[in-house]
Amino acid sequence: MSDRFLVQPSGPLHGAVRAGGAKNSALKLMAACLLAEGRHVLQGVPHIVDVDIMADMLRALGAVVYRRPAPGGGGDELVVETPARLSPEAPYELVDKMRASIVVLGPLLARCGQARIAMPGGDDFGQRPIDMHLSGLHAMGARFETSHGTVDGEVAATSPGAPGARGRLRGSRIVLEYPSHTVTDNLLMAAVLAEGTTVVENAAREPEVVDLAQFLQSMGARIDGAGTSRVQVEGVEILRPAVHRVVADRVVVATLIAAVGLAGGDVLVEDARPEHMDMLLRKVGEMGVEVTPGPSGLRAEAKGRLRSVDVATLPYPGVATDYKPFLVTMLAVADGVGIVTENLFSGRFRYIDELRRMGADIRTEGHHAVVRGVPRLSGAPVRATDLRAGATLVLAGLVAEGDTVVSDAHHVDRGYDDLAGVLASLGARVERI
Ligand code: EPU
């Protein structure tokens, strides 16, 4: 596929679309399939590159992964067939492609009593260490050694003499220094098969954590408190395969709302879950986008110029860091000045240089950006530096004079199932060239 988007001034947008299943849930649900032998079915898994990478990861660990038509039509479903014995080694090439691969660590330690995984790569913003994953799993009885860029984990066997004896993790009380999303996921997946009770304090409360917990519960796990900052898990001996539908992607929904805010119009996102995006909806409301929650999904309407607001990113239920590039682009053409503060990932401002090349008036200082709205941007060749940065440059092109060409579009394919096609279906002039 071509690696550039061509975007031309567009709007107003009209129509109905679906967001699809959340990347940041689907990846964890796929890893969770490793926890039980047998055939799992995940519905609504998005067609994105990160899912393909995770599918390859599961295959490398011994699972069979394929898509098949969903019963009753309407897309497909992802099947994961997990064998009785897994290979505990996550290949470097796959971990290197996607940082979220770290979520196989918990399931591998739980199932195999050992795991070997390269230090993850992925999006290149700020320092993104894995210390909290390791210290949480260490508290549950795993021992780690790191050498040559690889982490080796092992759980001591309870009866080492027994043939084939694998070590079993044991429940523990873990207080997270920060409510990390992926660390919470990893610890949940480790705890469901551990001996005894695990309590995670200061746990992440994201809707995708709740989605993972629901899937694990349908596999037979005993979990209380998912979605709150204290999650308690009673370990069980064995889990069974299950069927689950992935929760809707709130970041894709936010992308569509921002597109309407910028280009104007009236768009229905049929599968959106507005209750998962309260703070964002409040912010975009203050900026002039009218969002109406419906019995299913939401409707976003906007006309006229947006108004500036100040925004700070925070862990859920605060304004997610993933929404920030869209808010910055909206502020870039809004009336007034907005101050944006990034509290999660220090380096996540690189797309701002690209927006400046399009005529945006943005000054950054440390983790703050001061955005002074201009009436219109000016189309330019720009580069996607990561997934959300790429998506926001496409949105910027909707309100830029002339042509905007966004290169390195492959970053966008990591998390959007045909972003250009979806926007074009609403009347935007966006294409892959
Ligand atoms: N952190 C540590 N040590 C760790 C783990 C995290 O210091 O062991 C720090 C990170 O460096 C960062 C902060 O904790 O400063 C937040 O990290 P968190 O673990 O919450 O983020 P994540 O789980 O790695 C997920 C999403 C991100 C999203 C963030 C914040 C997945 C696969 N990724 O990342 O999504 O930005 O939560 O909500 O779930 C994206 O979709 O584009 C994306 C990057």
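Guide: Ala, Val, Leu, Ile, Met, Phe, Trp, Tyr, Cys and Pro count as nonpolar, Asp, Glu, Lys and Arg as charged, and the others, Gly among them, as polar. This model is predicted.

Visitor: By class, how many residues of the shell around the ligand are nonpolar, polar and charged?

Guide: Leu is classed as nonpolar, Asp as charged and Ser as polar. Sorted that way, the shell around the ligand has nine charged residues, seven polar and 10 nonpolar.

Visitor: Which of the 26 residues around the ligand come nearest?

Guide: A residue belongs here if one of its heavy atoms lies within 4 Å of the ligand. Of the 26 residues around the ligand, five are named as nearest: Asp 131, Met 132, Ser 180, Thr 182 and Leu 344.

Visitor: What distance separates an oxygen atom of the ligand from the side chain of Ser 180?

Guide: The cut-off for a polar contact is 3.5 Å between N or O atoms. In Ser 180 the partner is a side-chain N or O atom, and its distance from a ligand oxygen is 2.4 Å.

Visitor: Which part of Leu 344 lies 2.8 Å from an oxygen atom of the ligand, backbone or side chain?

Guide: Arg 388 offers a side-chain N or O atom, 2.9 Å from a ligand oxygen. In Leu 344, the N or O atom at 2.8 Å belongs to the backbone.

Visitor: How much of the ligand's accessible area does the protein cover?

Guide: On its own, the ligand has 830 Å² of accessible area. The share covered by the protein is 91%.

Visitor: Which helices each supply at least two residues of the shell around the ligand?

Guide: The shell draws at least three residues from each of domain 1 and domain 2. Helices that each give at least two are α1 (23–32), α5 (131–139), α6 (181–191) and α12 (387–398).

Visitor: What distance separates the centres of domain 1 and domain 2?

Guide: The chain is divided into domain 1 (5–20 + 248–432) and domain 2 (23–245). Taken over C-alpha atoms, their centres are separated by 31 Å.

Visitor: Where does Pro 12 lie?

Guide: The peptide bond from Gly 11 to Pro 12 is cis, with omega near -5°. Pro 12 itself lies in the loop between β1 (4–8) and β2 (13–17).

Visitor: What is omega for the cis peptide bond from Tyr 316 to Pro 317?

Guide: Pro 317 is in the loop between β18 (311–312) and α10 (324–332). The bond leading to Pro 317 from Tyr 316 is cis, and its omega is near 10°.

Visitor: In which loop is Asp 408 found?

Guide: Asp 408 is not a glycine, yet has a positive phi of about 60°. Its loop runs between β25 (404–407) and α13 (410–413).

Visitor: Over which ring does the charged end of Arg 432 sit?

Guide: The cut-off is 6 Å from the ring centre. The charged end of Arg 432 is 4.7 Å from the centre of the ring of Phe 5.

How values were computed: Residues are numbered from 1 along each chain as its sequence is written. This is a predicted model: local features need pLDDT of at least 70, side-chain atom pairs count only at pLDDT 80 or more; totals for chains, interfaces and linings use all residues. Side-chain values use heavy atoms; hydrogens and water are left out. A charge sits over a ring if NZ of Lys or CZ of Arg is within 6 Å of the ring centre and within 35 degrees of the ring normal. A polar contact is a pair of N or O atoms within 3.5 Å; within protein, one must be able to donate a hydrogen and the other to accept it, and residues adjacent in sequence count only if both atoms are side-chain atoms. Accessible areas come from the Shrake-Rupley method with a 1.4 Å probe; for residues, only the protein chains shown count as cover. Helices (H or I, at least four residues) and strands (E, at least two) are DSSP runs, numbered from the N terminus. Domain bounds come from an automatic or database domain assignment.
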